[in-house]
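Student: Could you take me through one part of this model slowly? I'd like a close look at a single helix and what surrounds it.

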2 protein chains.
Amino acid sequence: MEFLKVSSKSSPSSVAGAIAGMIKDGVHVEIQSVGAGAVNQAVKAIAIARGFLSPIGIEIVCIPAFADIDIDGEIRTAIRFVVEPRFMRGLTAAEREEYMQLDSQRYQPIFSE
Amino acid sequence: MEFLKVSSKSSPSSVAGAIAGMIKDGVHVEIQSVGAGAVNQAVKAIAIARGFLSPIGIEIVCIPAFADIDIDGEIRTAIRFVVEPRFMRGLTAAEREEYMQLDSQRYQPIFSE
């Protein structure tokens with residue numbers, strides 16, 4: 001599994017560009033951050049990526065989780081964010097169903113996990 | 001609009017308990033954090049809340065956005081997280097459709113925004 005590793009020095013807009021590109025290509029996006037500064041940059045990147053993707057009809061959501069990782073022999077707690085497309089907010093049931101169809105055609109690799 | 005205001009000194013597990021309770025009650029959840037330490041505590045709270053809710057079949061996702069807020073006459077950039085239930089990961093198309101039905105019955109206030 002490859003992660004986008006984000007540090008407190010990462011540029012949120014560069015990371016946002018990477019997220020948007022991967023989502024458009026139907027690639028699974030997972031971000032890893034260690035420490036408050038890094039988590040903050042990752043969250044900013046996701047918020048910016050939403051702005052890149054929403055004009056083309058893709059709404060993304062994120063799912064944070066803890067992960068114990070080994071950094072130079074020391075166990076640290078990282079935050080991992082799975083970022084995925086979703087098309088449901090503010091839609092009627094019929095519209096949602098239609099989008100789910102589109103969704104499963106376009107994003108099969110992501111939803112078939 | 002009421003927000004759960006999270007600071008760098010907030011306890012992630014207390015905030016997680018509040019999130020889980022609101023989600024179970026079908027209440028719209030929106031968290032506001034200013035600064036890296038506060039954003040980090042908010043993300044930890046969401047990750048912990050996932051652990052409270054997933055055993056009862058509720059999976060939550062979060063949607064981060066920027067917001068300019070006024071703190072004592074000074075404009076600061078806050079991060080706001082909308083936290084919402086979702087039931088779709090790893091399901092077949094038929095299962096997803098079934099859950100969407102349940103979903104719209106149980107969480108009408110959230111999805112009718």
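Tutor: Sure. One term before we start: a residue counts as buried when its relative accessible area is under 20%, and as exposed when that area is over 50%. Keep in mind that this is a predicted model.

Let's pick helix α1 of chain B, residues 12-24. Its 13 residues reach 18 Å from the first C-alpha to the last, close to the 18 Å expected at 1.5 Å a residue. Now look at who is hidden: B:Pro12, B:Val15, B:Ala16, B:Ile19, B:Ala20 and B:Ile23 are buried. If you peer down the axis of α1(B), those buried residues fall within an arc of 140°, so they line one face of the helix. Here's the background: an α-helix has 3.6 residues a turn, so residues three or four places apart point the same way. Turn to the face away from the buried side, and you'll find the exposed residues B:Ser14 and B:Lys24. Just past the end of α1(B), B:Gly26 has a positive phi of about 75°.

What do the buried residues of α1(B) pack against? In chain B, they pack against β1 (4-6), β2 (29-33), α2 (36-53), β3 (59-71) and β4 (74-86).

One of those neighbours, α2(B), has 18 residues and reaches 26 Å from its first C-alpha to its last. Its buried residues include B:Ala38, B:Val39, B:Ala42, B:Ile46 and B:Arg50. That arginine, B:Arg50, has a relative accessible area of 17%, and its side chain meets that of B:Glu59 in a salt bridge (3.4 Å, N to O). B:Glu59 is buried too, at 13%.

Technical notes:
Residues numbered from 1 in each chain as written. Chains lettered and ligands numbered in written order. Predicted model: local features only at pLDDT ≥ 70, side-chain atom pairs only at ≥ 80, totals over all residues. Heavy atoms only, no water. Helix = DSSP H or I, 4+ residues; strand = E, 2+ residues; numbered from the N terminus. Expected span 1.5 Å × (residues − 1). Buried < 20%, exposed > 50% of the residue type's maximum accessible area, 1.4 Å probe, protein only. Arc of directions from axis to C-beta. Contact = heavy atoms within 4.5 Å. Salt bridge = Lys/Arg side-chain N within 4 Å of Asp/Glu carboxyl O.
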